[in-house]
Amino acid sequence: MKLVIGLDIGTTSTKAVVFTAQGAMLSRYESAYPLEQPEPSRAVQDPERIVRGVADSVRGALAEAGASGDDVAAVGISAAMHSLMLLDKRGDPLTPLITWADSRSSEQAARLKLEHGGGNGLYGRTGTPVHPMSPLTKIIWFREREPEVFSEAAMFAGIKEYVLYRLFGQYVVDESVASATGMFNLETADWDEQALALAGIDRSRLPELVPATAVLTGMAPGYAAAMGIGVHTPFAVGASDGALANLGVGAAGPGEAAVTIGTSGAMRVMSPRPLTDPRGRTFCYAVDGSRWIIGGASNNGGMLLSWFINQLASSPGGGELASRSGLSGRSYEAVIRSAGAVAAGAEGLLFLPYMTGERAPHWNPDARGVFFGVALHHRQEHFARAIMEGVVLCIRSISAAVEELTGPVKEVRASGGFARSPVWRQMLSDMLGRELLVPESHEASALGAAIMALCAIGELSSPDEAKGWVRIGCRHEPDQQVHLIYQELFHMFEDIYGRLAPEFPKMTRFQRTGAFAASC
């Protein structure tokens, strides 16, 4: 039996998932790595740990499946968007991997947005909101702040491109990931010359653009041996994690939305043509040349529960919530279980979850987290509930902007780590006021990558052929009474953000100037 591997290179781990050629999942193996924050505006990773994680996860998934490398027909790759690293002419890293969560280029982004943003500017041409997440703004930061490193850089690439370079010795980038750099023109499907001029680079310092179905073979023997597969195993370059998650949950038609909450969060729908928002609230990224995803991403998802467990729920006397060893299954489930016992609205505690700034729909890197309504009766479980509700309130904000562009969403499908939690799933259904469908497999991006790989080797003529592979494990109907409560909370949530928006920059300046450190 021939197998296909979906390889999902994420922000905090790489997952390899083994599927049959008919989409049945046989095994899954995950290799984790840290997201390092050496100072408030930085969020970086060691790219070599990620390369090792790729090899370890493939080998581990094959072992879990009881399969060998000879059984593998192809590997497809999904990867997180907006990452950047600078490489010298030998291909050695000059920088760590700079992730989407890194906000060092806030000043450059603000200036670029003022001078070149908007519907007729960079956003209108590229579909990427001007924001510090964007590799474009980060390249400008290096040109201005670290000109020697900028000049030495022969290549500007993201994590998928670096992994492929290490495996195959080629710099290539799929059009899906490229379209999230802020430098890809949606109309021409090529690098945008004005964006390159603003960055101060030419196309020779960027990877070659290829379609999602491009295939690489001839892997370096050492990496092939580390993975336990043959050097000639076809690797489909694949697409971004967001685009592939839509394919992996079967949300590719009109009115079908995918919601993913993992480390961060997002809501996306597919469109047969590119669409940008006159108010700049949403993104528009390519998928495979005939489809685009329209949506918005929130910086703040499951990482907030991690913060809560490690920083607030681990004090002496914290009981089963106490855990300084990280997100063990027990502590994570205990937090969610305690939150589920609290009524909707957390008994008057509201959370603006902007702890790492925010992307859609505000695109405000200066936004910060706020607990509103704190009273003496609020305990750990109220804070946990408010955090979870804050995350889905962000999804509700994105949904409103997306539906203005694409029309009403009729069906919502869930993926990501939150999809394992009945409490969180019901909370989202209640917040949106719509039925939520939960596929049996939560590994949507990996399945999407596997589907793309099968298209690349000719086993499927179109990703549409695989929609029937997605089996729905459960459904959640919204509780209309709770939905009404959330409607009231949502209006309050939006109003509080609007009132605080002018104040956020003052706090971020305080944090960045060293006054915060001095006061501690």
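Helices α13 and α14 are oblique to each other in this predicted model, because an angle that is neither under 35 degrees, nor over 145, nor from 65 to 115 counts as oblique. Their axes cross at roughly 40 degrees and come within 10 Å. Helix α13 also packs against α11, and α14 also packs against α16. The points below take these helix pairs in turn, then buried elements, cysteines and backbone geometry.

**Helix α13 with helix α14**

- Helix α13 covers residues 380-406, and helix α14 covers residues 422-432.
- The two helices cross in a right-handed sense.
- On the α13 side, the contact is formed by R385, M388, E389, V391, V392, L393, I395, R396 and S399.
- On the α14 side, V423, W424, M427, L428, M431 and L432 take part.
- By class, this contact comprises 11 nonpolar residues, three charged residues and one polar residue.

**Helix α11 with helix α13**

- Helix α11 (residues 303-312) and α13 have axes that come within 10 Å and cross at roughly 160 degrees.
- This angle makes α11 roughly antiparallel to α13, since angles over 145 degrees are classed that way.
- The crossing of α11 and α13 is right-handed.
- From α11, residues L304, L305, W307, F308 and L312 meet Q380, F383, A384, I387, M388 and V391 of α13.
- The α11–α13 contact contains 10 nonpolar residues, one polar residue and no charged residues.
- M388 and V391 of α13 take part in the contact with α11, and M388 and V391 are also listed in the contact with α14.

**Helix α14 with helix α16**

- The axes of α14 and α16 lie 7 Å apart, and the helices pack at an angle of about 70 degrees.
- The pair is therefore roughly perpendicular, as the angle falls in the range 65 to 115 degrees.
- Residues M427, D430, M431 and L432 of α14 contact V482, H483 and Y486 of α16.
- Five nonpolar residues, one polar residue and one charged residue make up this contact.
- M427, M431 and L432 of α14 contribute to the contact with α16, and M427, M431 and L432 likewise appear in the contact with α13.

**F490 in helix α16**

- F490 is located in helix α16, which spans residues 480-500.
- With a relative accessible area of 7%, F490 is buried, because buried means under 20%.
- Leaving aside residues up to four places away in sequence, F490 touches L393, R396 and S397.
- Of these neighbours, L393 and R396 also belong to the α13 side of the contact with α14.
- The C-alpha atoms of F490 and M227 are separated by 47 Å, and these residues are 263 positions apart along the chain.

**Buried helices α4 and α6**

- Helix α6 (residues 159-168) has nine of its 10 residues buried, so it is largely enclosed by the rest of the structure.
- The buried residues of α6 are I159, K160, E161, Y162, V163, L164, Y165, L167 and F168.
- G169 follows α6 and has a positive phi, near 75 degrees.
- Helix α4 (residues 135-145) is mostly covered, with eight of its 11 residues buried.
- In α4, the buried residues are P135, L136, T137, K138, I139, I140, W141 and F142.

**Cysteines**

- The structure as a whole contains zero disulfides.
- C284 has 0% relative accessibility and counts as buried.
- C474, at 26% relative accessibility, counts as partly exposed.

**Backbone geometry**

- Most residues other than glycine have a negative phi, and most peptide bonds are trans.
- A189 is not a glycine, yet its phi is positive, about 55 degrees.
- A189 sits in the loop between β10 (184-185) and β11 (190-191), and at 35% relative accessibility it counts as partly exposed.
- E347 is likewise not a glycine and has a positive phi of about 50 degrees.
- E347 lies in the loop between α12 (329-340) and β19, and with 44% relative accessibility it counts as partly exposed.
- The peptide bond from A360 to P361 is cis, its omega being near -10 degrees.
- P361 is in the loop between β19 (350-352) and β20 (370-372).

Conventions: Residues are numbered from 1 along each chain as its sequence is written. This is a predicted model: local features need pLDDT of at least 70, side-chain atom pairs count only at pLDDT 80 or more; totals for chains, interfaces and linings use all residues. Side-chain values use heavy atoms; hydrogens and water are left out. Axes are lines fitted to C-alpha atoms, for helices over the stretch in contact, and angles run from 0 to 180 degrees between N-to-C directions. Helices (H or I, at least four residues) and strands (E, at least two) are DSSP runs, numbered from the N terminus. A crossing is left-handed if the near helix is turned anticlockwise from the far one by less than a right angle, and right-handed if clockwise. Contact means heavy atoms within 4.5 Å. Ala, Val, Leu, Ile, Met, Phe, Trp, Tyr, Cys and Pro count as nonpolar, Asp, Glu, Lys and Arg as charged, and the others, Gly among them, as polar. A disulfide is a pair of cysteine sulfur atoms within 2.5 Å. Buried means under 20% relative accessible area, exposed over 50%, partly exposed in between (1.4 Å probe, protein chains only).
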